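Here is a short tutorial on reading packing, pairing and contacts. Keep the sequence and the 3D view open while you follow it.

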Amino acid sequence: MFFHIVLERNMQLHPRHFGPHLRDKLVSKLIKDVEGTCSGRHGFVVAITGVEDVGKGLIREGTGFVTFPVKYQCVVFRPFKGEILEAVVTMVNKMGFFAEAGPVQIFVSNHLIPDDMEFQSGDVPNYTTSDGSVKIQKESEVRLKIIGTRVDATEIFCIGTIKDDFLGVISDPGAAV
Amino acid sequence: MLQPWVREEDLAKALKLHSKQLRRILRFFEEEKLVTRVHRKENAKGTKQHNAAAAAANDGQPVTNKEGEVKVKMHTHSYCCLDYAQICDVIRYRIHRMKKKLKDELDSRNTIQHYICPSCNKRYSAFDALQLVSFTDEYFHCEICNGELVAESDKLASEETGDGDDNGRKRRREKLKDKQQRIEEELKPLVAQLDRVKNLPAPEFGSLQTWERANIGAFPNGDLGAADSSRNSQGQYGTPMPYIGETKFEFYILGDGVKEGAESGKNGSELKVLPPWMIKDGMNLTKEQRGETSNASKFDENSEVKDDKKQDSKDDQSIQEEYIKAYYEALKKKHDEASNKVKTEGDIHISDPQSERQLGKKYKREDEDEGIEWEEQQHTGNTTETYKLADLNAEAQESGDDEDDNEWEDG
């Protein structure tokens with residue numbers, strides 16, 4: 001799920017950046033450092049929407065670096081257990097398939113794929129129903145439900161299922177029929 | 001084991017279990033909230049006080065605290081008591097969790113897959129899948145030995161090897177369904193008991209201190225402590241509990257004269273009717289306490305004589321019953337781990353009461369010969385039957401009894 005929250009961070013700035021554009025340099029450094037990262041607590045930081053406040057800089061002893069406490073608003077993405085997401089399949093394996101929903105990777109094991117879908121290896125490994133009507137292969141879009149998340153300090157990984165009602169393939173990749 | 005607060009050493013002696021084992025079991029129960037424990041540093045005086053409290057409640061006889069040497073050595077004594085307030089809920093919750101687990105396995109919903117490496121036996125969960133995926137072939141490989149990982153199938157159903165996937169799956173489902181059915185049947189008496197008990201208020205014994213104080217106080221005054229009126233009712237100072245009323249029970253088989261009961265009988269006192277939830281499996285209660293009141297004055301001499309005779313045989317029985325009670329509780333514990341075993345244990349369990357029944361029957365018959373009043377009261381006993389938890393025994397015997405005595409059939 002996406003959230004728009006206020007986060008705070010201490011940014012260190014090298015003295016060479018001090019000058020009339022100090023603030024701009026600070027903000028661009030912030031964006032470069034934070035966008036795309038993931039924290040276990042907040043999730044993936046997708047984009048910074050604005051800087052709320054820049055505090056007074058503190059000069060560090062010994063070096064000339066200055067630390068600014070910066071408060072900024074950003075959009076974060078954090079998956080939760082029980083959430084239903086659409087994802088794009090990236091890899092199909094005998095043990096299940098991997099899908100990506102934005103920055104987060106989700107694994108659906110074959111145990112949570114409906115029983116009527118069988119794995120078919122080959123050039124394009126895929127899962128197919130017995131009558132061939134539904135196919136899950138690379139680049140297919142699927143709707144899945146997250147049944148578990150593993151949150152490290154800097155990484156989030158999810159397990160999903162498509163065995164429930166209304167889950168499964170949404171659309172096939174353009175190439176396949 | 002009539003008193004709610006029991007010293008664990010006494011319990012160990014009564015059950016003939018090693019105290020370390022008992023403590024481990026009690027600790028498990030405490031964590032599962034079936035039992036409350038209190039650890040108290042006491043010197044010898046303190047333990048004597050507890051003894052006095054227990055004795056006063058049981059015998060109704062004077063116990064003087066010896067004011068001899070007062071040892072200052074402090075030992076930690078542990079007391080335990082059934083956690084009546086929570087026990088029903090705890091048990092219902094456990095049963096619910098067991099059933100839910102089976103249901104989940106059966107529907108195979110939301111279970112996270114685990115993988116095992118056959119060579120180095122390392123376990124992985126599906127969360128580690130990213131690190132396990134190999135580009136060479138389509139299986140997961142172990143991080144250490146690069147062996148192919150095998151999916152760990154449903155935990156409650158065993159792995160089927162050799163058969164094709166379909167058959168294995170089907171057999172697992174069959175097994176799970178079978179387990180589910182067996183759980184339903186075997187837990188039926190327990191669930192019925194819970195239903196009966198759930199609307200009754202839980203017995204309040206108060207903390208260890210209040211109970212002791214009340215019991216010690218009970219003796220000299222002849223009056224009951226407020227919190228423990230129900231518990232003290234075994235002595236001759238019982239005041240009738242308002243909500244018990246006239247309930248009587250046909251519990252005569254299990255309980256056979258216990259020391260306390262016998263002694264009170266000797267004193268010619270009336271024993272208090274124990275409320276239904278107080279009666280536990282393995283409690284040595286006389287028929288009076290189970291609700292079949294006796295005309296004490298008439299039967300005193302007879303009961304005394306009988307009591308003396310029965311005393312020795314009953315001692316062994318009482319130990320047996322308490323063992324069965326603990327056994328049953330261990331049974332419940334084991335049920336979580338493997339419901340398979342329960343069936344066989346249940347069989348053994350039921351066969352035990354058979355022997356007790358013999359003795360019990362004799363006892364009852366002799367009484368019956370003595371007086372008519374017994375029968376009338378026993379009749380009314382049939383109308384209310386609330387039994388305490390863990391009464392596989394009672395239920396087994398009930399069926400047996402009906403064959404022998406028509407009078408005892410349910411109204």
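## Reading strands, cores and contacts

A: Start with one facing pair. Glu118(A) stands opposite Thr128(A), which belongs to strand 10 of chain A. Keep in mind that this is a predicted model.

Q: Which strands does strand 10 of chain A sit with, and in what order?
A: Read the order of a sheet across it. Here 3 strands make an open sheet in chain A, ordered 9-10-11, with antiparallel pairing. Its edges are strand 9 (117–120) and strand 11 (135–136) of chain A, and each pairs on one side only.

Q: How many bridges join strand 9 of chain A to strand 10 of chain A?
A: There are 4 bridges between these antiparallel strands, with strand 10 covering residues 126–129. As one example, Gln120(A) has Asn126(A) in strand 10 of chain A as its bridge partner.

Q: What about strand 10 and strand 11 of chain A: how many bridges join them?
A: These two also run antiparallel, joined by 2 bridges. Tyr127(A) has Ile136(A) in strand 11 as its bridge partner.

Q: Which residue takes a positive phi in the hairpin of strand 9 and strand 10 of chain A?
A: Look between the strands. This hairpin has 5 residues there, and Gly122(A) takes a positive phi near 140 degrees. The hairpin of strand 10 and strand 11 of chain A also has 5 residues between the strands; in that hairpin Gly132(A) has a positive phi near 75 degrees.

Q: Which way do the side chains of strand 10 of chain A point, and are they buried or exposed?
A: Asn126(A) and Thr128(A) point one way, while Tyr127(A) and Thr129(A) point the other way. All four are buried.

Q: Chain B has an open sheet as well; what is its strand order?
A: The order is 5-4-6, with 3 strands and antiparallel pairing. Strand 5 (123–125) and strand 6 (150–152) of chain B are the edges, each pairing on one side only. From one strand to the next the twist averages 35 degrees. Strand 4 (residues 114–116) of chain B pairs with strand 6 over 3 bridges, in the antiparallel sense. Within that pairing, Ile116(B) has Val150(B) as its bridge partner.

Q: Now the interior. Which residues touch the most other members of the largest nonpolar core?
A: The general idea comes first. In soluble globular proteins, nonpolar side chains tend to be buried together. Here the largest nonpolar core has 26 residues, and Leu11(B) and Ile91(B) touch the most other members. Several elements of chain B each supply at least two residues, including helix 1 (8–15), helix 2 (19–31) and strand 3 (75–82). Helix 4 of chain B gives the largest share, 9 residues. A second, separate core has 25 residues, among them Ile106(A), Met117(A), Leu144(A) and Ile146(A).

Q: How many aromatic pairs are there over all chains?
A: A pair of aromatic rings is described by the distance of the centres and the angle of the planes. The count over all chains is 6 aromatic pairs. Phe98(A) and Phe107(A) form a tilted one, 4.7 Å centre to centre with 40 degrees between the planes. Both Phe98(A) and Phe107(A) are buried.

Q: Why is the pair of Phe28(B) and Phe29(B) tilted?
A: The planes of Phe28(B) and Phe29(B) are at 45 degrees, so the pair is tilted; the ring centres are 6.2 Å apart. Phe28(B) counts as partly exposed at 25% relative accessibility, whereas Phe29(B) counts as buried at 5%.

Q: Which charged end sits over the ring of Phe28(B)?
A: That of Lys333(B), 5.2 Å from the ring centre. In chain A, Arg78(A) lies over the face of Phe80(A), 4.9 Å from the ring centre.

Q: How many salt bridges are there over all chains?
A: The count comes to 12. In one of them, Lys145(A) meets Asp164(A), with the closest N and O atoms 3.5 Å apart. This pair links distant parts of the chain, 19 residues apart.

Q: In chain B, which residue forms a salt bridge with Arg94(B)?
A: Glu32(B) does, with the closest N and O atoms 2.2 Å apart. The two are 62 residues apart, with Arg94(B) in helix 4 of chain B and Glu32(B) in the loop between helix 2 and strand 2 (35–42) of chain B. Arg94(B) counts as buried at 17% relative accessibility, whereas Glu32(B) counts as partly exposed at 25%.

Terms used
Residues numbered from 1 in each chain as written. Chains lettered and ligands numbered in written order. Predicted model: local features only at pLDDT ≥ 70, side-chain atom pairs only at ≥ 80, totals over all residues. Heavy atoms only, no water. Core = buried A, V, L, I, M, F, W, Y, C linked by side-chain atoms within 4.5 Å. Buried < 20%, exposed > 50% of the residue type's maximum accessible area, 1.4 Å probe, protein only. Pairing = 2+ DSSP bridges. Axes fitted to C-alpha atoms, helices over the stretch in contact; angles between N-to-C directions. Phe/Tyr/Trp six-rings, centres within 6.5 Å; stacked < 30°, edge-to-face > 60°. Lys NZ or Arg CZ within 6 Å of the ring centre and 35° of its normal. Salt bridge = Lys/Arg side-chain N within 4 Å of Asp/Glu carboxyl O.
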